[in-house]
Amino acid sequence: MAWLRYISAGIFAFVLGAQTVRAGVPRRPYLSIYDAPKYTAGFTHFDYVNPQAPKGGSLILPEYGGFDNFNPYIFKGIAAGAAAELTLESLGVIAADDEATAYPLLAKEFELPADKSFVGFVLDENARFADGSPVTADDVIFSYQTLIEKGSPFYKVYYADVERAEKVNNRHVRFYFRKGNANRELPLILTQFKIYSAADWKNRDFATPSLTPPLGSGPYRIEKFEAGKYITLQKNPDWWAQNLPSRRGFFNFERVRYDYYQDTTVTLQALFAGSIDMRTEYIAKNWVSGYDNEPVKSGKIIKEQLPHNQPAALQYFGFNLRLPKFADVRVREAIGLAFNFDWAADKLFYNQYRRIDSNFANTPMAAKGLPSGRELEILNLYKDKLPERVFTEAPSLPSHRNYLQNRQNLRRAVLLLKAAGYDFVDGKMTHLATRQPLEFEVLGNAANGAAFTRVMLPFIENLKKIGIKATFRNLEVNVFKNRLDNFDFEMAILGMRLSNLPGNELKEVWGSEAADVAGSYNLSGLKNEVVDALIKRVVKAESKADYLASLRALDRVLWFEYYMIPQWYSPADRVAYRRGLKHPQTGPAVGFNPFVWWREDSK
């Protein structure tokens with residue numbers, strides 16, 4: 001889905017790179033977790049790029065919704081995030097095939113003392129903003145402090161264990177951690193926030209939406225735009241980082257343009273008409289039957305599936321647990337039993353999708369079978385606070401492969417609802433104490449509305465059979481976002497993508513402290529003290545084994561909370577693009593990234 005959120009990687013134990021010692025503090029060319037980094041000092045480029053890719057030409061991409069703001073890190077406004085980020089750089093780069101390591105970008109060297117009380121960054125003396133001014137320690141500290149004070153509420157939680165930022169000299173900055181901090185991912189996290197020019201923001205309010213393009217140190221500059229319609233970015237010919245090993249082979253187009261649409265079906269026709277150059281296909285039916293036309297048959301448009309190594313995007317029907325009607329876990333489980341994925345997979349998805357069977361689907365972090373070993377030891381610490389089924393049942397999904405199974409699931413749903421205090425009254429599933437019938441609205445994103453309408457109709461019909469009234473409403477993209485930011489929904493089609501090594505961000509996704517913070521990623525409003533405790537264990541884990549066991553325990557507890565009705569995912573990115581565009585043919589299955597592509601005839 002176009003609005004899925006992307007979150008940075010977690011970390012739990014550092015392996016240090018080749019070291020030099022200055023002023024008693026080791027400096028190293030990378031920061032890496034429990035295994036040695038894939039790329040050692042002296043590497044020339046990442047394996048999934050073409051370092052000799054031709055430069056030049058243009059690329060037109062679709063975006064969805066609109067925008068009134070070029071700052072993607074604040075709560076207010078609708079940000080043109082993808083375009084704005086192309087103008088900015090961070091202190092380090094995390095490779096797509098090594099998400100446990102940060103490699104140099106604005107920072108050419110990293111510091112981490114033996115007691116891990118701080119992390120230091122020595123800036124590259126060549127680092128420049130687009131106006132030619134140097135990137136300094138003052139800019140780094142300004143960016144961090146402004147993000148905490150005026151950015152989205154997410155960042156206060158994310159960086160809560162940072163005590164202060166300190167300028168050592170004009171090109172050297174350190175971030176000190178709170179005493180007793182056991183959050184081992186913080187050094188890696190701090191390599192990822194974007195660096196703004198302090199001088200550029202001197203007379204502007206960071207928290208106020210603005211269409212003044214930010215001054216950044218990234219590969220592109222915003223050339224022209226029309227709010228809510230398009231943005232054109234031009235490559236900075238003097239981009240300071242173009243020959244860095246961590247940037248070689250990236251950003252090969254001279255110009256990049258984002259055109260804004262309200263519906264994915266419109267972008268399919270835009271591709272055939274030549275209005276855009278490529279698009280990711282999210283609708284299985286379109287992939288199977290929507291490209292049976294002359295542009296594809298003649299080779300003007302090319303279809304390709306690009307396998308990826310990423311955790312499945314967590315796409316789901318999300319309950320708003322803040323509402324009394326969804327407070328009982330039995331009600332949530334009963335509603336989930338009415339969703340017939342098997343019918344949708346066969347009739348709508350052409351069996352191209354897999355059902356999401358974990359909060360960490362498609363990874364070794366997913367809880368499987370009954371708990372055992374270290375995972376069981378961890379769960380036993382909280383046994384008196386967990387339902388018995390966490391220990392006696394394996395996480396599973398209802399099967400609806402035939403009519404009989406569908407009926408059995410609906411009967412089971414009725415029994416759960418009766419146990420929760422409901423029963424049929426005049427054909428409606430009604431709470432006997434409050435006399436309120438069980439009914440709710442499901443919100444969807446109009447960009448994907450047509451596809452989800454077909455999924456929702458049989459779901460709504462199944463709910464009707466057990467006396468529940470559900471309605472489905474598609475909202476324009478920006479309205480949908482505002483409703484979610486303010487938790488103004490009953491049930492919604494939600495999604496996010498966690499990293500290969502999730503850690504500190506889990507506090508924001510499922511932590512109790514984030515549940516009532518407007519704009520947070522805990523959209524369902526989950527509050528569970530065991531979940532909070534397990535997240536802390538993940539962040540503080542000292543070994544890979546303890547880290548994985550803690551994540552599996554967390555996954556298992558979340559699963560039996562039934563805070564979501566899981567949907568589906570694809571193990572490959574489906575991309576359609578115009579002839580003449582090329583991408584690297586490499587071993588790493590890193591999926592789709594348009595900024596390692598190039599135009600064959602760059603002129």
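**Strand pairing, helix packing and buried loop residues**

F121 of β9 stands opposite V173 in β11. The model analysed here is predicted. Strand β11 spans residues 172–177 and is joined to β9 by 5 bridges. The two strands run antiparallel.

Strand β9 covers residues 118–123, and 6 of its 6 residues are buried. In a regular strand, side chains alternate between the two faces of the sheet. Both faces of β9 are covered. F118, G120 and V122 lie on one side, and V119, F121 and L123 on the other. β9 also pairs with β8 (residues 107–111), again antiparallel, through 4 bridges. A107 has L123 of β9 as its bridge partner. The hairpin of β8 and β9 has 6 residues between the strands. Within this hairpin, K116 takes a positive phi near 50°.

A further sheet is open and contains 5 strands. Their order is β22-β21-β23-β17-β24, with mixed pairing. β22 (469–475) and β24 (564–566) are the edge strands, and each pairs on one side only. Neighbouring strands of the sheet are turned by 30° against each other on average, direction ignored. At the β24 edge, 3 bridges connect β24 to β17 (residues 314–319). β17 and β24 run antiparallel. G318 has M564 of β24 as its bridge partner.

Helix α14 (residues 477–485) lies across three strands, β21 (439–445), β22 and β23 (491–496). The helix runs at about 130° to β21. Buried residues of α14 are V477, N478, F480, R483, L484 and D485. These buried residues pack against β21, β22 and β23, and also against β5 (58–64). F487 follows α14 and has a positive phi, near 55°. Helix α5 (residues 264–273) is likewise followed by a residue of positive phi, G274, with a value near 85°. In α5 the buried residues are T264, T267, L268, A270, L271 and F272.

Two helix pairs were examined for packing. Packed helices are described by the angle between their axes and the distance between the axes. Helices α8 (residues 329–337) and α12 (residues 403–419) pack at about 165°, with axes 8 Å apart. The angle exceeds 145 degrees, so α8 and α12 are roughly antiparallel. α8 passes α12 in a left-handed crossing. On α8, the contact is made by R330, V331, E333, A334 and L337. On α12, the contributing residues are N409, R412, A413, L416, L417 and A419. The contact of α8 with α12 comprises 7 nonpolar, 1 polar and 3 charged residues.

The second pair is α16 (529–540) and α17 (residues 544–559). α16 and α17 pack at an angle of about 160°, and their axes are 9 Å apart. They are therefore roughly antiparallel to each other. The crossing of α16 and α17 is left-handed. V530, V531, L534, I535, R537 and V538 represent α16 in the contact. From α17 come D546, Y547, S550, L551, A553, L554, V557 and L558. This contact divides into 11 nonpolar, 1 polar and 2 charged residues.

R556 is found in α17. R556 counts as buried, because its relative accessibility is 0% and the cut-off is 20%. Beyond its neighbours within four places in sequence, R556 is in contact with A367, K368, G369, L370, P371, E375, L379, V390, E393 and P395.

Buried residues also occur in loops. N522 lies in the loop between α15 (506–510) and α16. Its relative accessible area is 1%, so N522 is buried. N522 touches R322, F487, E508, V509, W510, G511, A514 and A515, not counting residues up to four places away in sequence. One of these contacts, F487, is the residue that follows α14. The C-alpha atoms of N522 and G511 are separated by 7.2 Å, although the two residues are 11 residues apart along the chain.

S152 is placed in the loop between α2 (137–150) and α3 (154–158). This residue is buried too, with a relative accessible area of 12%. Apart from its neighbours within four places in sequence, S152 is in contact with Y73, I74, F75 and G519.

Terms used. Residues numbered from 1 in each chain as written. Predicted model: local features only at pLDDT ≥ 70, side-chain atom pairs only at ≥ 80, totals over all residues. Heavy atoms only, no water. Pairing = 2+ DSSP bridges. Axes fitted to C-alpha atoms, helices over the stretch in contact; angles between N-to-C directions. Contact = heavy atoms within 4.5 Å. Buried < 20%, exposed > 50% of the residue type's maximum accessible area, 1.4 Å probe, protein only. Parallel < 35°, antiparallel > 145°, perpendicular 65-115°, else oblique. Left-handed = near helix turned anticlockwise from the far one by under 90°. Nonpolar A, V, L, I, M, F, W, Y, C, P; charged D, E, K, R; others polar.
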